[in-house]
Amino acid sequence: MDFNRHLRRGLTTAAIVSGLTLTGCSIAHKFFAPNITHETITEVRYLDQGWSAKDRQLFYSTPQGTELQGLHYRWLPALELPFSKEKLASADNMRGWGFIVEPQQADSAGESGVYPVGMGSHLNPDDNSTRIDLGCALCHTGELHYKGVALRVDGGQAIHGMSTGNPGEFIHSLGAATFEMKFNPFKWARFADAVAGEDRDKREQLKQDFNAFSERFFDFAKGPGNPDNFPTTEGRGRTDAVGRIGNVVFGYNLGIEENYKVADAPVSYPFLWDIWRFDWVQYTGFTNQAMARNVGESLGVMAPVKLVDEQGELLPEGEFGRSTINIDGMQCIETTLRKLRPPKWPQEILGEIDIAKAQQGKNLFADQCVHCHGPHISKPYVWKVAGGPNDNPNHQRDVNWQWDMSGQISYDEQNQPLREDWRKTLWALPWIDIEVIGTDPKAAENFVNHTFDPGPLVAKNPNNPDDDIDRRVNAGDGLQLLMNKLVPVLYDNSGISSDNNGIADYDGLNVPFRIVNKLAYKARPLHGVWATPPFLHNGSVPTIYDLLSPLEARPVKFGVGHREYNPQKLGYVTDMRQGNFAFDTTQTGNSNRGHLFTDVEMPGRIGRRFRESERMALIEYLKVMGNPDFSEALNGDPQNWAQYSKPPASAIGEQACQGFRHPHGQLAQRGTQPSGQR
């Protein structure tokens, strides 16, 4: 997480007004007031996505091992807003910042704080303290609000501002409150009373722990979270995922400050249903394996990991890779997500489907969209793997042959070792060159062109130690160097071996880890896309109607932050309201160009211009595309998701979930520890 420049100015202001604050002045309180949206919700409706209540609970609460600079779990509900006695994590504040709060959590909170969906806990091995865990569901659960009903979209796109340090946002408020406790004894006393009670030893330990958290928090803000690294504000619902991973892994974790890069390509949180079918994942489609993807993500979300010593050399065996990363939790989440279906359009809330229009839209989609978005169903791949220390059959920057050979292995006629993908069928996702698709190129360009000093991950040339050109790596190749060392250590530390195909299962359906570097974006299938605004990889187009319209008709500036849904245009309402982030498409990384339907020959043209009636017909079809309930009414739907192959059964994945299950499908009791950590 980063602090925006405004936080520096704000903390300076805080120091000036602190004396006044302690004597009752409200200047600081008003200056640091939370920037929240106001919502009136009378009902929460969970959309039909094939999950049971137990599946949902697992997704919402299973830890993956990430931390918020060591913020202890019990601290969050006790923290107050800066220069205020109001709880920082009140239900209204958390919802107003864009987090999702379960109704039962809000109802039972009283005056204490709440934990939103996806904010769970894990045990930190360094001091056995229970820490906040930023789980997968935090960024991959969405809500659409319409006439007082909140439609829950599991695996959807979050719209919170967790990454941004703008004034009044969650991280800004947390940082300011942390800063204030250094000099406001009354605020500290209330916090200590709530957390440690009157026990003198516990209060002293609390002070030491909180000071350590504060130091990490602000040190991180000066390094990978430095506002100079983030000239394009991420705002609500976005983060520069690859940029943050690069800065954390190659700068912070390896201790090489020169590796900090400008992260000016924020992207929306992608939706997760059907991703287990994809052959390549991430917006640029740069990797193919679930575990490597998830470990990389956890590092970017600040999972503590020990890689190098004080001299910058890799730690020895037994110390290297010591981390909170929870691969059992990750495997459980992956297994659970394979059951998740696209959301079904709720006619009783958002309106009935015009079948005649939807039939017309089905034909338009087949004519104008299928060639990119498919799905392009393929037989499962057979991956050549490295059978020894000098093998590299897929021409990778780096390969760990022992890891390759730890999967389920077969051999071809030339005795070449292979891994056969366990899926019955998969979806081959095409890469569309950035010059063809014409959308904002920054995310793809930064991924390929930003290079890093890999430090001890690559040995220096003893004959020319100053020649670093050949050693430098981009984000993908650098992550490959690290993952090839780190993931096998995480497996070993957790007792995961090749016995009974354990590693093959945890890798993700027996897929070996590979990286590609392309200046392109992948075109994913669009089942349920109606529930995933805003659109394009950078969230620069607020509705599907706008995406189907000519470039000159797309909004140049619009509000993002509240969740009121427009069922006619399929997107959020875009007017500026209190708490909103103003999305400016003229800023670097924010372009809304490309993916154009126009009769003008121009960059990013992918199809002819649609008439108004055609846009509305496509929208009508996208509401129910693939939904088996409408296949007959549409006279058959080639996108019918009931016809697609089911995921392979995973007894190992189900076993990984056992330690995270809770009775009756309810959320875990706050502060308890999962028993599945090995």
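Student: Which residues touch the most other members of the largest nonpolar core?

Tutor: Phe59 and Trp530 do, in a core of 64 residues. A nonpolar core here is a set of buried Ala, Val, Leu, Ile, Met, Phe, Trp, Tyr and Cys residues joined through side-chain atoms within 4.5 Å. Helix 22 (residues 612-624) gives the largest share of this core, six residues. A second, separate core has 42 residues, among them Ala78, Leu81, Met94 and Met162. One caution: this is a predicted model, in which local features need pLDDT of at least 70 and side-chain atom pairs count only at pLDDT 80 or more, while totals for chains, interfaces and linings use all residues. Residues are numbered from 1 along each chain as its sequence is written, and side-chain values use heavy atoms, with hydrogens and water left out.

Student: What is Phe59 in contact with, beyond its neighbours within four places in sequence?

Tutor: Its partners are Trp51, Cys136, Ala137, His140, Thr141, Gly155, Leu272, Ile333 and Leu337. Contact means heavy atoms within 4.5 Å.

Student: How do you know that a disulfide joins Cys332 to Cys657?

Tutor: Set the value against the rule: a disulfide is a pair of cysteine sulfur atoms within 2.5 Å, and here the S to S distance is 2.2 Å. The pair therefore qualifies. By this rule the count comes to one disulfide. Its handedness is right-handed, with 110° about the S-S bond. Cys332 sits in helix 12 (residues 327-337) and Cys657 in helix 23 (residues 651-657), so the link ties together parts 325 residues apart in sequence.

Student: Why is Cys332 called buried?

Tutor: Buried means under 20% relative accessible area, exposed means over 50%, and partly exposed falls in between (1.4 Å probe, protein chains only). Cys332 has 0%, so it counts as buried. Its partner Cys657, at 1%, is buried as well.

Student: Why is Cys369 not bonded to Cys372?

Tutor: The closest cysteine sulfur to that of Cys369 belongs to Cys372, and at 8.7 Å it is too far for a bond. Cys372 is likewise in no disulfide. Cys369 is buried all the same, with 9% relative accessibility.

Student: What makes Phe286 and Phe447 a stacked pair?

Tutor: Rings of Phe, Tyr and Trp (its six-membered ring) pair if their centres lie within 6.5 Å; planes under 30 degrees apart count as stacked, over 60 as edge-to-face and the rest as tilted. These two rings are 4.4 Å centre to centre with 25° between the planes, so they pass both tests. Phe286 lies in the loop between strand 7 (267-268) and helix 11 (290-300), and Phe447 in helix 18 (residues 442-449), so the pair ties together parts 161 residues apart in sequence. Both are buried: Phe286 has a relative accessible area of 6% and Phe447 has 2%.

Student: How many aromatic pairs does the whole structure hold?

Tutor: The search finds 34. Ring pairs also build a cluster out of Trp75, Trp188, Phe191, Phe210, Phe213, Phe217 and Phe218.

Student: In what order do the three strands of the open sheet stand?

Tutor: The order is 1-5-4, with mixed pairing. Helices (H or I, at least four residues) and strands (E, at least two) are DSSP runs, numbered from the N terminus. Strand 1 (43-46) and strand 4 (141-146) are at the edges, because each has a single partner strand. The twist averages 25° from one strand to the next.

Student: What makes the pairing mixed?

Tutor: Two strands pair if DSSP finds at least two bridges between them. Strand 4 and strand 5 pair antiparallel over six bridges, whereas strand 1 and strand 5 pair parallel over four bridges. Two such bridge partnerships are Thr141 opposite Asp154 and Arg45 with Leu151.

Student: Why is strand 5 called mostly covered?

Tutor: Six of its six residues are buried. Val149, Leu151 and Val153 point one way, and Ala150, Arg152 and Asp154 the other way. Take Ala150: its relative accessible area is 1%, so it is buried. Helix 3 (residues 53-61) lies across strand 1, strand 4 and strand 5, at about 80° to strand 5; axes are lines fitted to C-alpha atoms, for helices over the stretch in contact, and angles run from 0 to 180 degrees between N-to-C directions.
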